[in-house]
Amino acid sequence: MISWWRRAGVRVRSTVAATGLLAVLVVSGAVVGLVVLRSALLSADAESSSVQARLVRLSVTPGALAGEPSPALRAAVGADVERGSHVQVLAPDGSVVAASAALAGHAALSSARPGVSELVSEVVPLPELGRPAPWVVSVAGARVGGQRFWVVAAESTVDAQRVLRVAAWVLGVGSPLLLGAVAVSTWTFVGRSLRPVEAIRVAVRGITSAGLDGRVPVPAGRDEVSRLAVTVNEVLARLEASQAAQRRFVADASHELRSPVATLRAAAHVWAAGAEPGFVELVGSESARLESLVDDLLVLARADGGRLVAAAVEVDLDEVVEVEAARVRSLGGPPVALAAVPVRVVGDGPALGRAVRNLVDNAVRFAASRVELGLAAEDGWAVVRVGDDGPGVPEAERERVLERFVRLDQSRQRRAGGTGGTGLGLSIVAEVAAAHGGSVRVGARPGGGALVELRLPLGQPPSAASR
Ligand SMILES: Nc1ncnc2c1ncn2[C@@H]1O[C@H](COP(=O)(O)OP(=O)(O)OP(=O)(O)O)[C@@H](O)[C@H]1O
Ligand SMILES: [Mg+2]
């Protein structure tokens, strides 16, 4: 049952639910209405019979009780016949002393004998009076000349029954019509509302990974369905963009790998033909370039998989920058001015070391005469600043150089001795920064050159004891 209900679909479920609920309401409303109507009609009949009884009571004289009805009583009893009701006057012993024509010779209609000035009414079947509907019989107690007597008035409920029958008929015919109308309109309305959803489903199914450029139709208006369509389109656009970036990345990577591999193959030919002076250095430098390129690609692939930060341990950033400064000095690079305070962050030590090294490598490569390396703690951030007095990065390119495979001046790099980068260094810095909840910004150094700022959220401040 439940699985049928789930499988039935929104349209069937809405229709069944709306119609079923309305059916319950209509049936219970009809039952309550008919019951209330019936009791109202019967009490109207009881009221009218009690009025009759009271009226007749006024015409009863002591003589009438002795068996000689006065003309007034006869008239009162007879008048009632025309109005579809019957009257009896009962003597103190319960015998009938006067009655409407239809009740001639009939015993008392009721056995109730209320006290003086009291009145009781009851609904009783009286088939002998010739009508199938039950009668409302009212008995009024009275006293005249010291004798008690009762007036019995019987009022047919045939009119009330007729009204009830008509009401039941109207409800019996009208309710199914109403339920049918609700079912049809719910079915139609829900079907119409779901049509755009079906269109979206069909459109999404038609969109394959080969062509993410398709979009689903957005229905007019700002309802849930059109918002769904807009969201689906936004997701498709993001998927398409990321797929395009992925393809570009693979294309760029293969392009970059081609030239060192070609150089190495050429070198192998040279090797076969007999070593030439300088070729060992060439093979060495190209293999090194190949190795660092493959390294960078691996790092970026890991970053794309969200696995860049392998560990979250406390890292002393001041040690990281000190190691970098020492490395530059040992390689005989430009003089490095180091200004570092003790700063500790939480993250992946090798990844952070790699980020700082990439910045320092750039600075060393572009510096005219000096490299500045700074580390400070500012407003909850650890800030690594790497500056140089080289040509700097034009303002318009400062965002773009953070992208993968972006190099600004090819000729400048070639001149830098074949080890010119592939344009991945800063993009790796950006990935490392983002993975640590930080950021990197390329700017201008006061006094000329580039100044790159790497910001990382501060970890626990290093305590004096642990240092
Ligand atoms: N300190 C700097 N001064 C001037 N230009 C810079 C500096 N740092 C980076 N750039 C420019 O930004 C570009 C991108 O730098 P990035 O470090 O990403 O790549 P790369 O150094 O060319 O290659 P890789 O770092 O992958 O070996 C560089 O090619 C260079 O044009
Ligand atoms: Mg670089």
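User: Let's start with a strand partner: which residue in β9 does A339 stand opposite?

Analyst: A good place to begin, and bear in mind that this is a predicted model. A339 faces G374 of β9. A second pair can be read in the same way: A337 has E372 as its bridge partner in β9. Both belong to a pairing between strand β7 (residues 336-340) and strand β9 (residues 371-378), which run parallel and are joined by five bridges.

User: What is the strand order of the open sheet that holds β7 and β9, and what kind of pairing does it have?

Analyst: Reading across, the order is β7-β9-β10-β12-β11, five strands in an open sheet with mixed pairing. The edges are β7 and β11 (439-444); each has a single partner strand, so one side of each is left without a neighbour in the sheet. From one strand to the next, the twist averages 15 degrees.

User: Which helices pack on that sheet?

Analyst: Let's take them in turn. Helix α8 (residues 317-330) packs on the sheet and touches β7, β9, β10 and β12 (450-457). The direction of α8 makes about 170 degrees with that of β7. Helix α9 (residues 349-366) also packs on the sheet, with contacts to β9, β10 and β12. For α9, the angle is given against β10, and it is about 25 degrees.

User: How many bridges join β9 to β10, and do the strands run parallel or antiparallel?

Analyst: They run antiparallel, and eight bridges join β9 to strand β10 (residues 381-388). One facing pair is V371 with D388 of β10. The turn is worth a look too: this hairpin has two residues between the strands, and D379 takes a positive phi near 50 degrees there.

User: Is there a general idea about side chains that I should carry along a strand?

Analyst: Yes: side chains in a regular strand alternate between the two faces of the sheet. Keep that in mind as we move to another sheet. Here five strands make an open sheet in the order β2-β1-β5-β4-β3, with antiparallel pairing. Its edge strands are β2 (96-99) and β3 (119-124), each pairing on one side only. Neighbouring strands are turned by 20 degrees against each other on average, with direction ignored.

User: How many bridges pair β3 with β4?

Analyst: Six bridges, in the antiparallel sense, pair β3 with strand β4 (residues 135-144). To find one on screen, look at V120, whose bridge partner in β4 is V139.

User: Now a single residue: is G347 buried or exposed?

Analyst: The general idea is to compare relative accessibility with a cut-off, and buried means under 20%. G347 has 2% relative accessibility, so this residue counts as buried. G347 lies in strand β8 (residues 344-347). Leaving aside residues up to four places away in sequence, G347 touches A311, A312, V313, V315 and H436. For a long-range pair, try G347 and V432: they are 85 residues apart in sequence, while their C-alpha atoms are 9.7 Å apart in space.

User: Which residues line the second largest pocket?

Analyst: The lining consists of A245, Q246, R248, F249, D252, D304, E403 and R404. Grouped by type, these are two nonpolar, one polar and five charged residues. Helix α6 (residues 224-273) gives the most to this lining, with five residues. The volume of this pocket is about 220 Å³.

Terms used: Residues numbered from 1 in each chain as written. Chains lettered and ligands numbered in written order. Predicted model: local features only at pLDDT ≥ 70, side-chain atom pairs only at ≥ 80, totals over all residues. Heavy atoms only, no water. 1 Å grid on protein atoms, 1.4 Å probe; cavity = no way out; pocket = protein on both sides within 12 Å on 5 of 7 lines; lining within 4 Å. Points joined across faces, edges and corners; volume = space filled by probe spheres on them. Helix = DSSP H or I, 4+ residues; strand = E, 2+ residues; numbered from the N terminus. Nonpolar A, V, L, I, M, F, W, Y, C, P; charged D, E, K, R; others polar. Buried < 20%, exposed > 50% of the residue type's maximum accessible area, 1.4 Å probe, protein only. Contact = heavy atoms within 4.5 Å. Pairing = 2+ DSSP bridges. Axes fitted to C-alpha atoms, helices over the stretch in contact; angles between N-to-C directions.
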